[in-house]
Amino acid sequence: ERLQREIERTDRAMRVSRPKSEGATEGAATYEPPFILAIESSCDETAAAVIDGGRDVLADCIASQIDFHKRFGGVVPEIASRKHTEAIVPTVMYTMEQAGLGFDDLSAVACTIGPGLVGALVVGVAFAKGLCFATGLPFIGVNHLEGHLYANRYVDPTLEPPFVALLVSGGHTMLVHVRGWGDYEVLGSTLDDAVGEAFDKVAKALELGYPGGPVLSRYAKDGDAKAIAFPRAMMHSGDLRFSLSGLKTAVITYINEQNKAGMSIDIPDLAASFTAAVVDVLVAKSLDACKQTGSRVLCIGGGVAANPDLREALAASLGKRGIRVIMPELSDCADNASMIASVGLDLFEAGERTGLDSDPQAHMPLRTRE
Ligand code: KG4
Ligand code: ZN
């Protein structure tokens with residue numbers, strides 16, 4: 001019953017927003033086909049966007065469920081699924097209205113098909129397939145992580161592989177050698193927790209709510225990164241793999257011990273020290289990955305790429321060694337559909353089509369040309 005009340009409360013609180021589409025009508029005359037509608041529903045945002053053949057964004061909308069998952073300290077899959085079901089139609093209709101297009105103006109419908117929560121993915125995928133079946137438009141399934149990577153093309157439209165990408169989100173932590181668009185080699189990933197997950201679990205242990213990343217980075221700003229010595233796991237492992245669960249346990253153990261001893265916890269110091277432990281490893285391994293592949297460019301993507309300490313440390317440390325660091329704007333680090341549309345456009349132009357009998361994939365490898 002309480003859950004039901006909460007659902008109703010959030011129904012009213014659910015918002016559709018993303019002002020990037022302001023120029024939609026005034027610039028419309030210059031937009032060139034093909035027009036790609038993209039849908040994203042892999043986690044806790046229902047998003048839709050329309051881009052044109054020049055990758056210009058006509059509309060870009062997000063219905064966020066974050067307020068609803070907050071009190072549970074993480075995304076509750078069943079709730080995510082239900083919220084996507086409620087939001088998908090209004091979000092897509094609103095996006096089309098913002099773009100000033102009808103479905104028959106579109107060239108294809110792209111949709112995140114994995115990786116992510118299956119119950120969440122299925123909502124976007126079922127909607128997109130239904131729309132394609134009804135209109136005869138081609139359906140194009142997109143990998144969510146490739147979307148995060150493509151967000152970098154909005155920073156620098158001339159960006160061309162090869163380069164290294166650091167993808168850090170609530171579900172993934174990996175270094176990828178981008179040999180070409182659509183040709184990815186995973187150089188190393190996490191053996192256990194994802195970085196974003198570690199932020200979320202530490203915030204939960206401190207009862208700071210969900211998502212943990214933004215709130216911890218606000219506290220970290222006023223803290224001393226050297227106050228508490230947390231482990232830098234696998235820093236010198238000689239490979240490009242990560243492990244975050246030991247750090248998470250060390251932080252939670254520290255919290256419990258302080259509590260047991262009746263000592264107060266300095267949240268800014270803890271947030272800064274935890275962040276420093278994460279950032280040190282991410283920076284060191286990103287540098288190693290660039291050295292190993294001879295890359296002079298590093299891109300980042302995923303929710304954690306919005307972390308100010310990570311951005312600053314990457315720019316400073318890699319910049320010093322002559323490596324250019326490309327970082328999506330803060331709002332483009334989080335889940336959105338314009339990044340999915342951008343991948344969809346390339347797939348569409350390459351003649352790739354996904355069958356209407358394809359199902360969402362909780363785990364989905366990045367594409368490779370090998
Ligand atoms: O990419 P994303 O929006 O969703 C997934 O694909 O997982 O990433 C969400 C994750 C969450 O774990 C959130 O805590 C983390 O990104 N995050 C941050 C920051 N902003 C979001 N982590 C660290 N610092 C931030 N400023
Ligand atoms: Zn994501």
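How far is an oxygen atom of ligand 1 from an N or O atom in the side chain of H148? The answer is 3.0 Å. The legends below start from that contact, and every view is taken from a predicted model.

**Figure 1. Ligand 1 and its neighbours.** Here you can look at the surroundings of ligand 1, which has 20 residues around it. G170, D200, G213, G303 and N307 come nearest. Two glycines take part through their backbones: a polar backbone atom of G170 lies 2.9 Å from an oxygen atom of ligand 1, and a backbone N or O atom of G213 is 3.0 Å from an oxygen atom of the ligand. The side chain of H148 adds a distance of 3.0 Å between one of its N or O atoms and an oxygen of ligand 1.

**Figure 2. The zinc ion (ligand 2) and its protein donors.** H148 appears again in this view, giving its NE2 atom to the zinc ion alongside H144 (NE2) and D335 (OD). These donors lie 2.0 to 2.1 Å from the metal. Along the chain they follow the spacing H-x3-H-x186-D. H144 sits in helix α5 (residues 144-150), whereas D335 belongs to the loop between α11 (330-333) and α12 (338-349), so this pair links distant parts of the chain, 191 residues apart. Why does H144 count as buried? Its relative accessible area is 7%, and buried means under 20%. D335 is buried too, with a value of 14%.

**Figure 3. S42 beside two of the zinc donors.** S42 is found in the loop between β2 (36-40) and β3 (45-51). With a relative accessibility of 4%, S42 counts as buried. Its side chain makes a polar contact of 2.6 Å with the side chain of E40. Leaving aside residues up to four places away in sequence, S42 touches T112, P115, G116, L117, A120, L121, H144 and D335. Do look for H144 and D335 in that list, as both are donors of the zinc ion.

**Figure 4. An aromatic cluster with a charge over one ring.** Ring pairs join Y150, F163 and W181 into a cluster. The count for the model comes to five aromatic pairs. In one of them, F163 and W181 meet edge-to-face, at 5.7 Å centre to centre and with 65° between the planes. F163 lies in strand β7 (residues 163-168) and W181 in the loop between β8 (173-180) and β9 (183-189), so the pair ties together parts that are 18 residues apart in sequence. Both F163 and W181 are buried. The charged end of R153 sits over the ring of W181, 4.2 Å from its centre. Elsewhere, K83 places its charged end over the ring of F68, at 5.3 Å from the ring centre.

**Figure 5. Backbone details worth a second look.** Most residues other than glycine have a negative phi, and most peptide bonds are trans. Which residues does a cis peptide bond with omega of about 0° join? They are P33 and P34, and P34 lies in the loop between β1 (15-17) and β2. The bond from G114 to P115 is also cis, with omega near -15°; P115 is in the loop between β5 (108-114) and α4 (118-135). R55 has a positive phi, near 70°. This residue is placed in the loop between β3 and β4 (57-64) and is buried, at 16% relative accessibility. M234 has a positive phi near 60°, and it lies in the loop between α7 (212-220) and α8 (245-260).

Note on methods
Residues are numbered from 1 along each chain as its sequence is written. Chains are lettered from A and ligands numbered from 1 in the order in which they are written. This is a predicted model: local features need pLDDT of at least 70, side-chain atom pairs count only at pLDDT 80 or more; totals for chains, interfaces and linings use all residues. Side-chain values use heavy atoms; hydrogens and water are left out. Rings of Phe, Tyr and Trp (its six-membered ring) pair if their centres lie within 6.5 Å; planes under 30 degrees apart count as stacked, over 60 as edge-to-face and the rest as tilted. Helices (H or I, at least four residues) and strands (E, at least two) are DSSP runs, numbered from the N terminus. Buried means under 20% relative accessible area, exposed over 50%, partly exposed in between (1.4 Å probe, protein chains only). A charge sits over a ring if NZ of Lys or CZ of Arg is within 6 Å of the ring centre and within 35 degrees of the ring normal. A polar contact is a pair of N or O atoms within 3.5 Å; within protein, one must be able to donate a hydrogen and the other to accept it, and residues adjacent in sequence count only if both atoms are side-chain atoms. Contact means heavy atoms within 4.5 Å. Donors are N, O and S atoms within 2.8 Å of the metal (3.2 Å for Na, K and Ca); water is not among the atoms, so sites may look incomplete. A residue is near a molecule or strand if one of its heavy atoms lies within 4 Å of it.
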